[in-house]
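Here are three short exercises to work through with the model open beside you. Try each task before you read its solution.

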Amino acid sequence: EASDGTGGAVENTIDKHEKHVAFKVPIKDIQELKKVGGLGWKAKIVVGWATGKTVADGLEIVDKEGNTWKLTAIQYREELFNRLLAIGGQKWVSF
């Protein structure tokens, strides 16, 4: 997440050391935000045990123009989701 002077934006970089932005969506342009998970809790336990790693879920972001970004393996997905909902003056509808 970064500030662009217009209320913030969601951005993703490909490499932590190089500032190459893969995509950037202004917070005010987010039309839809959805949590995505590929595995149920039982499968997460098995996969986590087998790989020795934490299994992380993802997030799907849709902007006003209909562009969709699917972010996968987000370690702090719940925190990011809640923060994106809280930022800005949008009114969100749950369905």
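Please keep in mind that this is a predicted model.

**Exercise 1. The overall layout**

Find how many helices and strands the chain has, and in which pattern they follow along the sequence.

*Solution.* Start by counting: there are two helices and five strands. Next, read from the beginning of the sequence to its end, and the order comes out as β-β-β-α-β-β-α. To finish the overview, look at burial: 23% of the 95 residues count as buried.

**Exercise 2. A closer look at valine 10**

Decide whether valine 10 is buried or exposed, and list its contacts beyond four places in sequence.

*Solution.* First, locate the residue: valine 10 sits in strand β1, which covers residues 9-13. Then apply the cut-off: buried means under 20% relative accessible area. Valine 10 has 6%, so it is buried. Now for its surroundings: outside its neighbours within four places, valine 10 touches Phe23, Lys24, Val25, Ile27, Ile30, Ile61 and Leu84. Take Lys24 from that list: valine 10 and lysine 24 are 14 residues apart in sequence, with their C-alpha atoms 5.6 Å apart.

**Exercise 3. The core**

Work out which residues make up the largest nonpolar core, and which elements give two or more of them.

*Solution.* Begin with the members, twelve residues in all: Val10, Phe23, Val25, Ile27, Ile30, Leu33, Leu59, Ile61, Leu71, Ile74, Phe81 and Leu84. Then turn to the elements: β2 (21-26), β3 (30-36), β4 (58-63) and α2 (77-86) each give two or more residues to this core. As background, nonpolar side chains in soluble globular proteins tend to be buried together.

Note on methods
Residues are numbered from 1 along each chain as its sequence is written. This is a predicted model: local features need pLDDT of at least 70, side-chain atom pairs count only at pLDDT 80 or more; totals for chains, interfaces and linings use all residues. Side-chain values use heavy atoms; hydrogens and water are left out. Helices (H or I, at least four residues) and strands (E, at least two) are DSSP runs, numbered from the N terminus. Buried means under 20% relative accessible area, exposed over 50%, partly exposed in between (1.4 Å probe, protein chains only). Contact means heavy atoms within 4.5 Å. A nonpolar core is a set of buried Ala, Val, Leu, Ile, Met, Phe, Trp, Tyr and Cys residues joined through side-chain atoms within 4.5 Å.
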